[in-house]
Amino acid sequence: MTPPPGKADLWSDDAEEDGGEEFTVRPYTVTGGRTRTSSTGIPVEALVEAIAQPEVGMTPERKRILELTASQYLSVAELSAHVHMPVGVIRVVVSDLAAAGKVRVHGLPATTTTAEPATTISVLESVLNGISSL
């Protein structure tokens, strides 16, 4: 389908013109329904470098990320644009690839301290009491 005159087709796929494959899978199926990365949050400006080759059986999105980053560093935001998937999906996929040792992510925070959530009743009660006293 061509866009009306004077309108740009924002979702056109560069690969379609080259005879490449088109991704028609819903984003949540690419991540297995996950919305968070398995490791620390990956910033959109983090650079991704492939350190392995695509393997047989990999999803098209994972293959494409490895192909794109094999010869150059690309940010998560750039990968999102190239693969035509939301940034959140690319973050999850890149995190999975990094955990599998397929990519190296440059630009992650040096220290990864994660605070434990306040889940005990006494902590929650003290927070509620503090808010009530305001």
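**Helices and strands here are DSSP runs, numbered from the N terminus.** With that in hand, the overall view of this predicted model reads α-α-β-α-β-α-α-β-α from the N terminus on. That makes six helices and three strands in the protein. Of its 134 residues, 27% count as buried. The accessible surface comes to about 9200 Å², and carbon and sulfur atoms hold 55% of that. Looking at contacts with a separation of 6 or more, 69% of them link residues 24 or more positions apart.

**A close-up of the sheet shows three strands in the order β2-β1-β3.** The sheet is open and its pairing is antiparallel. Out at the edges stand β2 (74-75) and β3 (103-106), each with a single partner strand, so one side of each has no neighbour in the sheet.

**Zooming in on β1 and β3, we get an antiparallel pair.** Four bridges hook these two strands together. To pick out one spot, look for Leu47: its bridge partner in β3 is His106.

**The last view goes to Glu45, in the loop between α2 (27-30) and β1 (47-50).** Is Glu45 buried or exposed? Its relative accessible area is 57%, and exposed means over 50%, so Glu45 counts as exposed. Now find Ser75, which sits 30 residues away from Glu45 along the chain. In space, the C-alpha atoms of Glu45 and Ser75 are separated by 5.2 Å.

Technical notes. Residues are numbered from 1 along each chain as its sequence is written. This is a predicted model: local features need pLDDT of at least 70, side-chain atom pairs count only at pLDDT 80 or more; totals for chains, interfaces and linings use all residues. Side-chain values use heavy atoms; hydrogens and water are left out. Buried means under 20% relative accessible area, exposed over 50%, partly exposed in between (1.4 Å probe, protein chains only). Contact means heavy atoms within 4.5 Å. Accessible areas come from the Shrake-Rupley method with a 1.4 Å probe; for residues, only the protein chains shown count as cover. Two strands pair if DSSP finds at least two bridges between them.
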